[in-house]
Amino acid sequence: MKKKKGMRMIHVWCGATLLMAGSLLSCISTKGSMSNGGELTGVSTGMAWNEPAPYGMVLVKRGSVKMGPDKQDSLWGSPVPTREISVESFWMDETEVTVAEYRQFLYWVRDSIIRERLADPAYGGNELYKIEEDREGNPIKPYLNWSKPIPWKRATEDEEMAIQSVYKRHPIDGTLMLDASQMNYYYEVYDYAEAAKRRNRLNPSERIKNTDIKVDPEEVVMITKDTAYIDDEGRIVNTTITRPLSSEWDFLNSYIVNVYPDTTCWVNDFPKANNEQYMRMYFNHPAYNNHPIVGVSWEQANAFCAWRTNYLLAGLHGQARYIQRYRLPTEAEWEFAARGREDNHFPWKSDDTKDERGCYNANYKPGKGDYTKDGNLITTRAGNYKPNSNGLYDMAGNVSEWTSEAYTESGVLQASDINPDVQYNAAQDDPYKLKKKVVRGGSWKDVNAFIRSDARTWEYQNEQRSYIGFRCVRTQVGTGKSK
């Protein structure tokens, strides 16, 4: 992709599906097979390694759950499919991602753009902000130098221009604010699962196991992949292309996502309400730092997961050997985690939404519509209520949560019963109805029927709501005992 003049984005490699960092060759035993007297003893790939607990996450140990309600939905009268499923152990965020945590992501994107411009000759061209050579002076793929601080207070004229270039003034009141249109994050995801499918093998003879079928060596296999770029007008273009399979690179997908949350969601979700204060303050005032982030689409939540993976790998300085990526939970993982170790209908033991002292167990809309009956009007601080038996907070109420899966009425019935995961990566020109994603947990605006652990609903993947947030998961490395 050619870099356009004035391009308002930063190209950042994000190894969103990288499972390993470092060389596997360093782990392979070099002992000869005859050193054990000719006996079969196996070859180890290295010493046993226990994954440290990721910061802010709890381990949900592998197990099984009967997904879905035990009886027909009494609110709508529609049957909901149920199925016994099993899932592998995974780490899950204790709470929903907060405003402060999402702001860290946004500021990282901002600082990336500033560093890119500080290295640009148009803004002084300080080569210290971008590494383009190794220690021996050999050219390498350029990357930003994060050890070089941005001169926020003592900037030269050129440096000040670079810093101020990501801000703009409100045309009416002159307030200086971040230019949301520039906060674009570029990342790449290698689709290992699609690349592994037999029909996509580069060698035609490997695509069919049935020896009664003659293999056509000239067979053309068509693949689809997502790609993203900036057009001549400076606009983001995310598109899906179809082309003949030619190499492993055909399974590398790229995306450009504007990651600034929709702060106007409050007035758009509730058009006949006085919610302007939330539009102005929720993402910007420190009083909401520990509240769950809202106004973030499924697409933005995925971009956050990709950045978080890359950020972790950078922070480990290549010392990690096996790292699972951060991602959104599957629908099965979410319900299994929410039900707790006792397999409850709610994240707590009772079907009552109050505890033995008469205190509410979650932030939702009790009764017939008194939002404040539980002590809150909108969201509340993440972790304000008791955790469930898995150590997870707010798995009911506060904000609903995105999952990774495409929404279908049949739900788990069309998926595997082991680590079920219904995926449909909708193309840009697909009908909008194919862009529904599963949302779980219910929110501050929902009645108790929607905050049950087995309740499911959906939203379009590009929608940004004042009542939908998310949390991340990471598959556990290893084979620890289940609960």
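Is D343 buried, partly exposed or exposed? With a relative accessibility of 39%, D343 counts as partly exposed, since buried would require a value under 20% and exposed one over 50%. Keep in mind as you look around that this is a predicted model.

D343 has a second feature to look for: its phi is positive, at about 60 degrees, although D343 is not a glycine. You will find D343 in the loop between α7 and β13. D394 is placed in the loop between α7 and β13 too, and D394 also has a positive phi of about 60 degrees without being a glycine. Its surroundings are another matter: D394 has 6% relative accessibility and counts as buried.

From here, let us turn to the sheet. Four strands make up an open sheet with mixed pairing, and their order is β15-β14-β13-β16. The edges belong to β15 (456–460) and β16 (468–469); each has a single partner strand, so one side of each has no neighbour in the sheet. Strand β14, residues 436–440, runs antiparallel to β15, and five bridges join the two. To see one such spot, find V438, whose bridge partner in β15 is W458. W458 has a further companion, K436, whose charged end sits over the ring of W458 at 4.2 Å from its centre.

Now look for the helix that crosses this sheet. Helix α7, made of residues 331–339, lies across β13 (400–406), β14 and β15, and it runs at about 140 degrees to β13. T330 sits in the loop between α6 (298–315) and α7. T330 is buried, with a relative accessible area of 7%. Leaving aside residues up to four places away in sequence, T330 touches T403, S404, E405, P420 and D421. One of these, E405, is 75 residues from T330 along the chain, yet their C-alpha atoms are separated by 6.0 Å.

Charged side chains offer another route through the model. The whole structure holds 24 salt bridges. One of them joins D231 and R235, with 3.0 Å from N to O. Here D231 is buried, at a relative accessible area of 15%, whereas R235 is exposed, at 52%. Elsewhere, salt bridges with shared partners connect E331, E335, R339, D343, R440, R452, D454 and R456 into one network, which brings us back to D343 from the opening question.

R110 and D111 form a salt bridge as well, their closest N and O atoms being 2.8 Å apart. R110 is buried, with a relative accessible area of 10%, and D111 is buried at 14%. R110 also lies over the face of Y107, 4.2 Å from the ring centre. Another salt bridge links R199 with E194, at 3.1 Å between the closest N and O atoms; E194 is partly exposed, at 24% relative accessibility.

Our last stop is the aromatic rings. There are 26 aromatic pairs in total. In one of them, W266 and Y278, the ring centres are 5.1 Å apart and the planes stand at 50 degrees, so the pair is tilted. W266 belongs to helix α4 (residues 265–269) and Y278 to helix α5 (residues 276–281), so this pair ties together parts 12 residues apart in sequence. Both W266 and Y278 are buried. Finally, one aromatic cluster is formed by Y102, F105, W108, W146, Y185, Y187, Y255, F304, W307, Y311 and F470.

Terms used: Residues are numbered from 1 along each chain as its sequence is written. This is a predicted model: local features need pLDDT of at least 70, side-chain atom pairs count only at pLDDT 80 or more; totals for chains, interfaces and linings use all residues. Side-chain values use heavy atoms; hydrogens and water are left out. Two strands pair if DSSP finds at least two bridges between them. Contact means heavy atoms within 4.5 Å. Axes are lines fitted to C-alpha atoms, for helices over the stretch in contact, and angles run from 0 to 180 degrees between N-to-C directions. Buried means under 20% relative accessible area, exposed over 50%, partly exposed in between (1.4 Å probe, protein chains only). Rings of Phe, Tyr and Trp (its six-membered ring) pair if their centres lie within 6.5 Å; planes under 30 degrees apart count as stacked, over 60 as edge-to-face and the rest as tilted. A charge sits over a ring if NZ of Lys or CZ of Arg is within 6 Å of the ring centre and within 35 degrees of the ring normal. A salt bridge is a side-chain nitrogen of Lys or Arg within 4 Å of a carboxyl oxygen of Asp or Glu.
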